Amino acid sequence: MRRILPVLVLAASLAAADNLVINGDFASTEKATSGAFYGWNEGDPAHITLASEKNQTFARNADGVHINTYQDIAIRPEWKALNVSAKIRVKGLERTGSEIWMVPCLQFLARNASGEVVGEPKWTKFMITADQDWTTHTAVKTISADMTTVRISIETFAAKGVFDFDDITVTPVLK
Ligand SMILES: [Ca+2]
């Protein structure tokens with residue numbers, strides 16, 4: 001038994017490191033290098049900020065201004081898919097756009113080496129169309145040979161309300 005313990009500890013630490021999203025729980029105390037949050041690109045801090053309740057810290061957009069904050073993940077050849085998960089809470093949703101996708105969402109789409117959106121379906125997202133308490137959304141993004149990156153982004157498009165995002169994870173499924 002003595003020799004098994006260190007192996008179990010190692011396995012647990014590897015599992016925790018599986019999330020390819022940096023600061024997906026918005027708990028980092030590191031300074032943001034671009035936009036509102038450490039690890040995330042762009043995302044105007046005037047319109048998306050850290051919020052907290054009890055011991056939970058999360059990202060909030062609440063002023064009706066479309067925000068986009070994202071991370072790009074380089075796809076490795078040994079991956080066949082990515083498991084995507086996010087917790088999203090929406091309160092007071094009022095849609096102000098005419099397109100069906102103009103709602104708060106977590107978007108995860110793949111691009112090829114030329115930067116074109118590829119995959120089937122191409123545009124994938126967790127679209128929130130009605131108020132909800134914290135809800136965990138999960139999906140599998142299948143990787144095809146032409147994909148080089150997956151961009152995961154928080155988007156609110158044309159909508160008003162209080163939109164909260166937390167625990168965003170992307171974990172690879174090996175071939
Ligand atoms: Ca959090």
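**Exercise 1. What percentage of the 175 residues in the protein do buried residues make up?**

Start with the basis. This is a predicted model, where local features need pLDDT of at least 70, side-chain atom pairs count only at pLDDT 80 or more, and totals for chains, interfaces and linings use all residues. Numbering runs from 1 along each chain as its sequence is written.

Next, the criterion. Buried means 20 or more other C-beta atoms within 10 Å of the residue's own, with C-beta atoms placed from the backbone.

Result: buried residues account for 26% of the 175.

**Exercise 2. Describe the fold and its dimensions.**

Step 1. Count elements, taken as DSSP runs (helices H or I, at least four residues; strands E, at least two; numbered from the N terminus). The protein has one helix and eleven strands.

Step 2. Order them. The pattern along the sequence is α-β-β-β-β-β-β-β-β-β-β-β.

Step 3. Check compactness. The radius of gyration is 17 Å, close to the 16 Å from the globule rule for 175 residues, so the protein is as compact as a globular protein of that length. The radius is taken over C-alpha atoms, and the rule is 2.2 Å times the number of residues to the power 0.38.

Step 4. Add the extents. The C-alpha trace spans about 60 × 40 × 30 Å along its principal axes.

**Exercise 3. Place F163 in its surroundings.**

Step 1. Locate F163: strand β11, residues 159–174.

Step 2. Classify F163. It is buried because it has 26 C-beta neighbours inside 10 Å.

Step 3. List its contacts (C-beta atoms, placed from the backbone, within 7 Å). Leaving out residues up to four places away in sequence, F163 touches R60, N61, A62, V90, P104 and T156.

Step 4. Take one distance. A59 lies 104 residues from F163 along the chain, with their C-alpha atoms 8.2 Å apart.

Key
Buried ≥ 20, exposed ≤ 12 C-beta atoms within 10 Å, placed from the backbone. Contact = placed C-beta atoms within 7 Å.
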